[in-house]
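Good morning, and thank you for joining this short presentation. I shall speak about cysteines first and then about the empty spaces inside the protein. Please look at the structure as I put it on the screen.

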Amino acid sequence: MIEAVVFDMDGVIVDSEQVWDDVRERYTREVGGTYTATATRDMMGMSSVEWSRYMHDALGVPGTPEEINAEVVRRMLEQYGEAPPLIRGAVEAVRECAARWPLAVASSSNPELIEVVLERADIRALFRAVVSSQEVPRGKPAPDVYLAAAQQLAVEAARCAAVEDSHNGIRSAKAAGMHVVAVPNAHFPPDADSLALADVVVQSVADVPETVRGLNDVE
């Protein structure tokens, strides 16, 4: 039986993947780095420690990883402003799930960005656990952030449903042993091999509550 639901945030609750891409690409080019054709896909799912180091090492962005991270986060917060670009139906889906299951967030975003989105969407209180990849040893596709979320919920990972949109996110949740509901990202869709790992693929986050109930029916 599914006993908890763990949501990714970027691409599931907030339509931010292209915002991340734009911010990091613009910053890289402004400071004389080279934003490669694979940079976006390479960084999807990385923790802030990992992507800031990647930007320094692979893209040639000057400064320490800590300085790069701080500047990107500053620009992201500036882009979000008072109204982060929430995905249609996401808030309603979270509320509907929260009425039945304990919830967690397992996100690659920095903690301060997670809090801004959840607070401004007025859903922070619905999550019993909120985990950033910054707080675990490895980012996605490693399972660390999902395992930490399950631990904080005090629910076995095998009894959690994870809601993901990206190739690294799907692989991360699956590696943790969770049931994966994939909502393919419209801007950066997961590759076929990753998508095939999902237990269920839906077209909208609005479909998530009914889909998770269906996983219980299958069990």
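C97 is buried, because its relative accessibility is 0%. C160 is also counted as buried, because its relative accessibility is 0%. I should say at once that what we are looking at is a predicted model.

Why is the sulfur of C160 not in a bond with the sulfur of C97? The sulfur of C97 is the closest cysteine sulfur to that of C160, yet the distance is 13 Å, so the two are too far apart for a bond. For our first-year colleagues, I recall that a disulfide is a covalent bond between the sulfur atoms of two cysteines. The rule applied here asks for cysteine sulfur atoms within 2.5 Å. By this rule the model has zero disulfides. C97, accordingly, takes part in no disulfide.

I turn now to the enclosed spaces. How many cavities of 30 Å³ or more are there? The count is two.

The largest cavity holds about 170 Å³ of space. Its lining is made up of 17 residues, and those nearest the centre are D10, E17, M44, G45 and S108. Sorted by class, this lining of the largest cavity comprises seven charged, five polar and five nonpolar residues. Helix α1, which spans residues 17-30, provides the largest share of that lining, namely three residues.

The second largest cavity has a volume of about 50 Å³. Which residues line the second largest cavity? They are E17, W20, D21, R24, Y35, T40, M44 and F188. Here, too, α1 gives the most, with four residues. By class, the lining of the second largest cavity has four nonpolar residues, three charged and one polar. I would draw your attention to E17 and M44: both are among the residues nearest the centre of the largest cavity, and both also belong to the lining of the second largest cavity.

Finally, I come to the pockets. The largest pocket contains about 180 Å³ of space. It is lined by 13 residues, and the closest to its centre are G11, I87, V183, P184 and A186. What are the classes of the residues in the lining of the largest pocket? Six are nonpolar, five are polar and two are charged.

That concludes my presentation. Thank you for your attention.

Definitions and conventions:
Residues numbered from 1 in each chain as written. Predicted model: local features only at pLDDT ≥ 70, side-chain atom pairs only at ≥ 80, totals over all residues. Heavy atoms only, no water. 1 Å grid on protein atoms, 1.4 Å probe; cavity = no way out; pocket = protein on both sides within 12 Å on 5 of 7 lines; lining within 4 Å. Points joined across faces, edges and corners; volume = space filled by probe spheres on them. Nonpolar A, V, L, I, M, F, W, Y, C, P; charged D, E, K, R; others polar. Buried < 20%, exposed > 50% of the residue type's maximum accessible area, 1.4 Å probe, protein only. Helix = DSSP H or I, 4+ residues; strand = E, 2+ residues; numbered from the N terminus.
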